[in-house]
Amino acid sequence: MRTITCPYCFATAAPQRVAFRCLGRAGRGPGCDPVLDRPLADYTGSTAGASLPPVFAASGRGGRAQCPDCGRPTGRRVCPECHNPLPSAYCDTPSRIVALVGAKNAGKSTYIAVLLHELMNRIGTELDTSLVACDDRTIDRYKRDFGHPLYDQRRLLPTTASAATAPREPLVYLLTRTRRSRLSRLHRGGGNDALTLVLFDTAGEDLRSRDTRDLHLRYLQAADAIIFLVDPLELPGARAALLDGVRPVTADDPDSEPINVIARVTEALQSRRTGDRLRIPVAVALTKIDTLQPSMARQSALHRSRQVTGALDLDDREAVDEQVRALLHEWQAGQLDRYLRQRYTEYALFGLSALGGMPDDGQVGAGGVRPYRAEDPLLWLLHRFGMLDGVRGASAAAGGTTRGSG
């Protein structure tokens, strides 16, 4: 039986157990007055904005129910545990949750900002997808903390504060794509596929702090896939290949070492699952790859931009995976590859750059934000979920365009 996972508190419920919120009073007409919603206030950590029309339980056939107090019909569905809103599209469409994990200074905030911007614009156009925020808090937080400072003010985003000192609020989006492949039409019928993108901008210390671990464990337990971001500046063997003047920010912090972050998350997941290896698909991406491109051979797959095909280029995907694996072993970081192979049934390696160039004194570089392959991990996951076709020979047909260091 299908269940719905709340993208905020990650509680699960059968569709018929999803609660409803009364529409409230409209002028002098019938309706319930606002009351303090204690579960919602507990979730947000504040009573501000938590005085709303009451929540009630109902079978909710057809996505609507009648308030037992005032009699008004409503279609506003909420989580029965935390009372956060559950949009109709989220409840009615099978969805996936993608978790984003990385150590401090891995560039998670910047990656979130760029990935969402690309999905709203360039990649959304290529794939014929729509990306819609699931609540007003997501809209406000993206503009305030991500989009406005990075794209409008051209400022680098600050290091994420720990959830122990700042309220933890996820960004929740519904990514919808129309099925277009012949295979999809034959076996699954027409319609849309949806992926719920739930992103926590997780501070490095949140993965080891007892005060914040439970929420992040629920987040990871609910995920259908994980994207690990790895700062190559934290790989000792890569530092010798860097441009002059580039130094790791947290070289003396063992909790920022990629193998320790991935191991901590993996052990937490395995503590509640059986089997030698985890079946959840994992994308492991080296960030800031633009700083390393000058040291790579010109024929490296990481010099070649992804071809715009509206599908996943399987030849290119395999070439990039092989190149990143070779780099890890060259940089004496082969244990990362071995650990992933031992603990996960399926993982893929990526190289990307969210900014596309070196920042300058806290500001985006003169060329602006020029993301390079930032979308690759998500495209692979869309393919894994059956939302994106895979093709062969796309890179060769396009002539194998190359890209410099930016």
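So, contacts first: in this predicted model, of the contacts in the protein chain with a separation of 6 or more, 74% are between residues 24 or more positions apart. The chain has 406 residues, and 53% of them are buried. As for secondary structure, we have 13 helices and 18 strands. On the outside, the chain exposes about 18200 Å², with 48% of that supplied by carbon and sulfur atoms.

Okay, on to the rings. How many aromatic pairs does the structure hold? Five, and I'll walk you through two of them.

One is Tyr 8 with Tyr 43: 6.3 Å centre to centre, 85° between the planes, edge-to-face. Tyr 8 sits in the loop between β1 (4–5) and β2 (12–13), while Tyr 43 is in helix α1, residues 38–44, so this pair ties together parts that are 35 residues apart in sequence. And is Tyr 8 buried or exposed? Buried, because its relative accessibility is 1%, and the cut-off is under 20%.

Now the other pair, Phe 10 and Tyr 219. Here the ring centres are 5.6 Å apart and the planes are at 35°, so we call it tilted; the tilted class falls between the 30 and 60 degree limits. Phe 10 is in the loop between β1 and β2, and Tyr 219 is in helix α7, residues 210–222, so you're looking at a link between distant parts of the chain, 209 residues apart. Both ends are tucked away: Phe 10 counts as buried at 7% relative accessibility, and Tyr 219 is buried too, with a relative accessible area of 1%.

Last stop, a charge and a ring: Arg 317 lies over the face of Phe 350, 3.9 Å from the ring centre.

Notes
Residues numbered from 1 in each chain as written. Predicted model: local features only at pLDDT ≥ 70, side-chain atom pairs only at ≥ 80, totals over all residues. Heavy atoms only, no water. Phe/Tyr/Trp six-rings, centres within 6.5 Å; stacked < 30°, edge-to-face > 60°. Helix = DSSP H or I, 4+ residues; strand = E, 2+ residues; numbered from the N terminus. Buried < 20%, exposed > 50% of the residue type's maximum accessible area, 1.4 Å probe, protein only. Lys NZ or Arg CZ within 6 Å of the ring centre and 35° of its normal. Contact = heavy atoms within 4.5 Å. Areas by Shrake-Rupley, 256 points an atom, 1.4 Å probe, with all protein chains shown as cover.
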